[in-house]
Amino acid sequence: AAVVPAAVPLAAAAIPAVGERREAPDAAARFGILVHAILERRTEDRADDGWWRALGYADAEAKRAGVVAERLLAAPGLRRFFDPARYRRAWNEMEIAGEDGAVGRIDRLVEDDEAFWVLDYKSSGPDTPRLDEYREQVAAYCRAVAAIFAGKPVRGALIFADASMLQIGA
């Protein structure tokens, strides 16, 4: 049985502390959250119909987000991260703790024959003004994963809604 890694060092975190008040997500953030949830369910082969309603999403929102998720799952350049025949192990929504105790969450971690891949899904495009921030976030996650899985390269990638991929690191 595979061992799932525990908390590891991480430079930056975006998840608020327990008890910290969060602002309600705007429309773009809600869309991204739903795309993430669909990808997680699809890669775990969970077919629970209508689950999005319990989270406060309308059917039309789920349909729009589903189009993006299916685009990513079907993209030839991304299949290696979603097709179980092409990788050894994969985890969704993997939480990791930073040296300062702050918690971060890797959207998807995939181990193939050559490396571990830290994937971060973005509902924006590669022209986002937050690109530098996103690069640093993935780089920090890569450093944390490298501390756990020494001896195998760790690569990172930003996966955008248009199914383009920007590799971070080696």
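Strands β2 (residues 103–111) and β3 (residues 116–122) pair in the antiparallel sense, held to each other over four bridges. Here, strands are DSSP runs of E with at least two residues, helices are runs of H or I with at least four, and both are numbered from the N terminus; two strands pair if DSSP finds at least two bridges between them. One of the partnerships to look up is R108, whose bridge partner in β3 is L119.

A quick word on the model: it is predicted, so local features need pLDDT of at least 70 and side-chain atom pairs count only at pLDDT 80 or more, while totals for chains, interfaces and linings use all residues. Residues are numbered from 1 along each chain as its sequence is written, and side-chain values use heavy atoms, leaving out hydrogens and water.

Zooming out, five strands make an open, mixed sheet in the order β1-β2-β3-β4-β5. At its edges sit β1 (89–97) and β5, each pairing on one side only. From one strand to the next, the twist averages 30°. Helix α5 (residues 131–148) lies across β1, β2, β3, β4 and β5, running at about 145° to β4. Contact means heavy atoms within 4.5 Å, and angles run from 0 to 180 degrees between N-to-C directions of axes fitted to C-alpha atoms, for helices over the stretch in contact.

Now for two loop residues. Most residues other than glycine have a negative phi, but these two have positive values:

| Residue | Phi | Loop between |
|---|---|---|
| D45 | near 55° | α1 (27–43) and α2 (51–54) |
| A163 | near 75° | β4 (154–160) and β5 (165–168) |

D45 counts as exposed because its relative accessibility is 70%; exposed means over 50%, buried under 20% and partly exposed in between (1.4 Å probe, protein chains only).
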